Every structure is written in C-alpha cells, then in structure tokens.
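Student: Hey, got a minute to go through this protein with me? I'd like to start with the ligand.
Tutor: Sure, let's look at it together.

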Amino acid sequence: MYAVTLDEFGGPEVMRWAQVPDPVGPGAGEVLIDVVAAGVNRADLLQRQGFYPPPPGASETIGLECSGVIAEVGAGVTDFRPGDRVCALLSGGGYAERVVVPATQVLPVPGELDLAAAAALPEVAATVWSNLVMRAGLRAGQLLLIHGGGSGIGTHAIQVAVSRGARVAVTAGSQLKLDRCKELGASILINYRDDDFVAAVREFGGADVILDNMGAAYLDRNAEALAEDGQLCIIGMQGGVKGELNIATLLGKRGTVHATNLRKRPATGPSSKAEIIADLHRHLWPLIADGTIAPIVHAELPATEAAEAHRLLDSPETVGKVLLRIRES
Ligand SMILES: NC(=O)c1ccc[n+]([C@@H]2O[C@H](COP(=O)([O-])OP(=O)(O)OC[C@H]3O[C@@H](n4cnc5c(N)ncnc54)[C@H](OP(=O)(O)O)[C@@H]3O)[C@@H](O)[C@H]2O)c1
C-alpha cells in the first residue's frame with residue numbers, strides 16, 4: 001500500500017507518499033479499514049519533527065484519525081462488517097491506504113454525513129467530550145472558556161458546549177477566527193493579542209470550565225480566570241510544559257486542574273479510549289447525525305500534498321480541521 005512516510009524528522013518537506021508494507025491483521029477484536037480520509041492534527045506536526053513518538057506498539061506512520069470502509073474484521077468482532085462506512089480513533093497509521101485498529105475505537109459514520117468529512121471527528125470529539133463532559137461535567141448555564149477557539153478542537157468544543165446550554169467564551173489571535181467562533185455560538189470573543197482574557201471572563205463571574213491548549217504560558221492566569229469551584233482542563237502545551245501556579249488562588253475558589261492526553265490512554269479498561277468511544281456513540285453521535293453539531297473542515301488536500309496540509313494547519317487563516325484525502329470513496 002501507499003502511505004505518507006518521513007525521510008527524516010523535520011519540516012513539512014520531509015513527508016513523501018511512498019510504498020510501504022501493508023499493516024498486519026486484523027487480529028482478534030480488530031478491523032482493517034480502507035482509508036478514505038485522514039484528519040490532520042497538531043500532534044502530527046510534532047511527530048513529523050521528532051517530538052511526539054508513537055506509543056509502544058503503534059504504527060510509525062503519522063495519523064490519529066481516519067474515515068473509510070471496513071475491508072475485513074478479525075475474530076470476535078460483531079459490531080462491524082465489511083462494507084460499513086466508519087471513522088476511527090487511531091494511535092497512529094492514519095496517513096495510509098489501510099489501517100488496522102481495535103473495533104472498540106471505531107464508530108459508524110453518523111447519519112448521512114459525508115464519509116471523508118467524518119475523518120474530522122474522532123480526535124476532536126474524543127478529546128472534547130472526555131474533558132468537557134466526562135471529566136468536568138459541563139452543564140447548562142455554566143461559562144466555558146475555550147483557548148484557541150478557531151482550532152479543530154475549539155470549533156468542535158464550541159458546538160458541544162452550546163448543545164449543552166453552556167455559554168461560551170473563546171480566545172483567538174484574529175478577528176477572522178473570532179467571527180467564525182461567533183457563528184458557531186460563542187458569545188464572548190477575546191482577541192488574546194489585545195485583550196486580557198482574565199478580565200473578560202471575570203466580568204461574567206469567571207469561567208466554570210476552561211479548555212486550555214497553552215499549558216504553562218496560561219497556567220496562572222487560567223487559575224485567576226476560574227469561577228468558584230471552577231475546573232481547568234489542560235489538553236495542550238503550546239505555551240510550554242513548566243509553569244508557575246499560585247496555589248492560594250486555586251484554594252480560595254476550590255479550583256481543580258485536570259490534564260489529559262488521549263493518545264496515551266489504554267485501549268480498554270478504566271479511562272480508556274474504548275470507554276470514551278462508547279460514550280460518544282451513545283450521547284454525541286445522535287447530535288451529529290441530526291446536524292446539531294457539524295465537522296468544521298477548512299480544507300481537504302490529496303495525500304500527495306501532506307506537506308501543504310501541515311503548512312495549512314499552522315497558518316493563522318485556518319479555522320477548524322484540515323483533511324488528507326487518501327482515496328475516492
Ligand atoms: N490532550 C489531548 O488528548 C489532545 C488531543 C487533541 C488535541 N490536543 C491539543 O489541542 C490543541 C488544539 O489542537 P488542534 O489539532 O485543534 O490544533 P490547531 O487546529 O492547530 O489549533 C491550534 C490553535 O492554537 C491557537 N493559539 C496559538 N497561540 C495561542 C494563544 N496564545 N492563545 C490562544 N490560542 C492560541 C491557534 O489560534 P490563533 O491563530 O488564533 O492563534 C490555533 O487555532 C493543541 O494544543 C493540541 O495539542 C490535545
């Protein structure tokens with residue numbers, strides 16, 4: 001089969017569409033997917049640069065999510081059969097014509113959604129749902145602050161929060177992104193280049209939940225921005241890994257700091273990918289099937305243009321997800 005390979009670690013230009021061995025399997029409990037499209041994630045850019053190695057046992061090929069058609073099922077798989085239109089959360093291997101994945105990380109394409117567009121869902125849906133809903137229990141009337149509202153994660157998180165009746169504040173670095181966030185349902189729009197997000201959310205009593213992509217750079221200010229009993233969910237480290245936190249700020253308001261990583265979760269068992277996928281299927285998938293929540297796709301590029309897709313994700317004009325088209329469906 002063909003896959004995106006790396007000549008070496010480095011810039012986008014190190015990626016090539018080249019022939020590689022087919023994946024082995026499917027083994028028991030796994031399925032083989034003929035990939036139609038793969039989602040591009042910020043983590044992929046880090047893996048390409050050599051800063052985010054795949055976990056033990058995962059494919060060396062980049063790609064944390066895909067959509068496609070089931071080609072084969074392994075022993076014991078009863079939920080899927082060859083020909084099913086699906087999308088899947090992967091530990092790697094999405095930028096390829098074929099991928100093997102545990103069936104517990106596979107979801108049917110919701111409703112009549114376009115098969116390629118479904119590749120934009122697994123990573124953002126699992127990350128946002130596991131943090132905002134399963135961990136923080138975001139509910140109606142609460143204020144959610146999303147840093148990087150125009151990102152793949154942010155554009156999905158806005159829609160999930162609005163669907164639960166929460167009020168949404170976002171930070172972004174441009175008016176273009178803030179406008180798009182407003183269209184998706186955000187009502188407090190903060191340009192982090194000009195405005196202080198702490199002051200902006202404190203005007204409304206502080207944030208009950210914060211979804212944070214910046215890590216160290218925003219740690220202390222995030223604690224200041226929390227409401228009483230507020231919860232900070234850190235999912236990214238774009239602003240560094242070591243920060244300073246005024247514990248007194250957190251104690252006084254009974255604040256909580258969560259930090260989670262999706263890729264390193266076990267496949268099954270407590271806090272696993274399987275647990276999140278099952279919850280998504282039950283609670284989020286109906287909202288996507290009925291159009292309440294939609295994948296936000298900025299661009300879809302052919303697999304041979306993976307380098308351009310990575311450059312695009314890094315561009316300040318990109319709102320939502322970038323997809324790689326692996327084959328026609
Ligand atoms: N923990 C997990 O399991 C998990 C899973 C998936 C993703 N993530 C993390 O979630 C984040 C979003 O991922 P993605 O794939 O959706 O990335 P993405 O689309 O590339 O978005 C990154 C965003 O960061 C924003 N940003 C840059 N500087 C900022 C600042 N100072 N303040 C606020 N926002 C800023 C950018 O917006 P502007 O152009 O407006 O600056 C951009 O929209 C990444 O940090 C990623 O690593 C974590």
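Student: So how many residues surround the ligand, and which are the closest?
Tutor: The shell has 27 residues, and the closest are Ser 151, Gly 152, Gly 173, Gly 236 and Leu 262. A residue is near a molecule if its C-beta atom, placed from the backbone, lies within 6 Å of it. Keep in mind that this is a predicted model, where local features need pLDDT of at least 70, side-chain atom pairs count only at pLDDT 80 or more, and totals for chains, interfaces and linings use all residues. Residues are numbered from 1 along each chain as its sequence is written.

Student: Which elements give two or more residues to that shell?
Tutor: Those are helix 1 (42–49), helix 2 (122–135), helix 3 (152–163) and strand 9 (167–172). Helices (H or I, at least four residues) and strands (E, at least two) are DSSP runs, numbered from the N terminus.

Student: And how does the shell split by class?
Tutor: It has 9 nonpolar, 15 polar and 3 charged residues. Ala, Val, Leu, Ile, Met, Phe, Trp, Tyr, Cys and Pro count as nonpolar, Asp, Glu, Lys and Arg as charged, and the others, Gly among them, as polar.

Student: Switching topic: what domains is the protein divided into?
Tutor: Domain 1 (2–123 + 264–325) and domain 2 (136–259), with bounds from an automatic or database domain assignment. Their C-alpha centres lie 27 Å apart.

Student: Where does the ligand lie relative to them?
Tutor: Domain 1 and domain 2 both give residues to the shell around the ligand, so it lies between them.

Student: How many residues are in contact across the two domains?
Tutor: 10 residues of domain 1 are in contact with 11 of domain 2; contact needs C-beta atoms, placed from the backbone, within 7 Å.

Student: OK, helices now. At what angle do helix 2 and helix 3 cross?
Tutor: Roughly 50 degrees, and their axes come within 9 Å. Axes are lines fitted to C-alpha atoms, for helices over the stretch in contact, and angles run from 0 to 180 degrees between N-to-C directions. That makes helix 2 oblique to helix 3. Angles under 35 degrees count as roughly parallel, over 145 as roughly antiparallel, 65 to 115 as roughly perpendicular and the rest as oblique.

Student: Which residues meet there?
Tutor: Val 124, Thr 127 and Trp 129 are among those in helix 2, and Gly 152, His 156 and Val 160 among those in helix 3. That contact has 9 nonpolar, 3 polar and no charged residues.
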